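Trainee: I'd like to learn how to read salt bridges and a helix face. Can we go through an example together?

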Amino acid sequence: MYLIPKLAIDGIFCFMFIGIPFLIKHLLEYVNTQIELTKMGIVLKKGTIGSTVTEIPYSKVNSISVRKGLLGSMLGYGDIIVSTGNDISGIVFAGIANPDEVKRIINSKQ
């Protein structure tokens, strides 16, 4: 008789202990990721404790793709995939605001 409410409460606590740390991780990644379009190329900076910097000169960019899901289309964000040289999968810049505008700017600088 009391099994269903107990299972629901256990499910909520399980979600909180598993889901909230992942949410915090993704929020920290979002806040600590920057994309810069310089005169020479594209610079992606990531990191909360340590940092990673990826630089791509415009002359090395072969193609640019934009990937947006349903929520991304509604809220105006998405991923930009930059293919360089023999790169098959491309370098993914995730969670970029206005990805179509960023793609247009990158294409105009090539």
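Mentor: Sure, starting with exposure: buried means under 20% relative accessible area, exposed over 50%, and partly exposed in between (1.4 Å probe, protein chains only). This is a predicted model, where local features need pLDDT of at least 70, side-chain atom pairs count only at pLDDT 80 or more, and totals for chains, interfaces and linings use all residues. Residues are numbered from 1 along each chain as its sequence is written, and side-chain values use heavy atoms, leaving out hydrogens and water.

Trainee: How many salt bridges are there?

Mentor: Side chains of opposite charge can pair when their charged atoms come close. The rule wants a side-chain nitrogen of Lys or Arg within 4 Å of a carboxyl oxygen of Asp or Glu, and the count comes to four. One of them joins K68 and D100, with the closest N and O atoms 2.7 Å apart. K68 sits in the loop between β4 and α2 (70-75) and D100 in helix α3, so the pair ties together parts 32 residues apart in sequence. K68 is partly exposed at 36%, and D100 is partly exposed at 42%.

Trainee: What counts as a helix or strand here?

Mentor: Helices (H or I, at least four residues) and strands (E, at least two) are DSSP runs, numbered from the N terminus.

Trainee: Which residues of α3 are buried?

Mentor: In α3 (residues 99-109), they are P99, V102 and I106. Seen down the axis, they fall within an arc of 60 degrees, so they line one face of the helix; the arc uses directions from the helix axis to the C-beta atoms.
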